[in-house]
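Opening my notebook on this one. I want to look up a few things about the aromatic side chains and jot down what turns up.

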Amino acid sequence: MNESRFTYFPIIVIVTLLLLLLSAWVQWFFFIFEFDEHELTVKKGIFNKNQLHIPFERIQTITRTIPFYYQPFHVVRMQIDTSG
């Protein structure tokens, strides 16, 4: 009995990791931001779609960080602080 429980453990771990990677990829794929002439538009969601419009006048600071694990992919993490 104990041996059969340990034979399924690696399969469960691999399936869990694949599901987590698939979930992260889907979230990334359905997150879009666009710069217009007057505003920043953020669109996200699969079934419950959200759209956020931020005029440039309301943006106070933009903070950009690049963790070491983002560098091979040429990706940055941005934090936008707005007023009001």
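Started with phenylalanine 30. Its relative accessibility is 31%, so I put it down as partly exposed: the buried class ends under 20% and the exposed class begins over 50%. This is a predicted model, so I'm reading computed values here.

Where does phenylalanine 30 lie? I found it in the loop between α1 (2-29) and β1 (31-35).

Next I looked up the aromatic pairs. The count comes to six. One of them joins phenylalanine 29 and phenylalanine 30, with 5.3 Å centre to centre and 85° between the planes. I noted that pair as edge-to-face, because its plane angle is over 60 degrees. Phenylalanine 29 is partly exposed too, at 46% relative accessibility.

Then I turned to tyrosine 69 and tyrosine 70. They also form an edge-to-face aromatic pair, 5.1 Å centre to centre with 90° between the planes. How exposed is tyrosine 69? It counts as partly exposed, with a relative accessibility of 44%. Tyrosine 70 comes out at 22%, and that counts as partly exposed as well.

Back to the phenylalanines. Which residues do ring pairs link into a cluster with Phe29? I wrote down Trp25 and Phe30.

Last lookup was the surface. There's a nonpolar patch of about 1,400 Å², and its members include Trp25, Phe29 and Phe30. Among the others I listed Tyr8, Ile11, Ile12, Val15, Leu19 and Leu22. Trp28, Ile46 and Phe47 are in the patch too.

Definitions and conventions:
Residues numbered from 1 in each chain as written. Predicted model: local features only at pLDDT ≥ 70, side-chain atom pairs only at ≥ 80, totals over all residues. Heavy atoms only, no water. Phe/Tyr/Trp six-rings, centres within 6.5 Å; stacked < 30°, edge-to-face > 60°. Buried < 20%, exposed > 50% of the residue type's maximum accessible area, 1.4 Å probe, protein only. Patch = residues over 30% accessible without salt bridge, like charges linked within 9 Å, V, L, I, M, F, W, Y side chains within 5 Å. Areas by Shrake-Rupley, 256 points an atom, 1.4 Å probe, with all protein chains shown as cover. Salt bridge = Lys/Arg side-chain N within 4 Å of Asp/Glu carboxyl O. Helix = DSSP H or I, 4+ residues; strand = E, 2+ residues; numbered from the N terminus.
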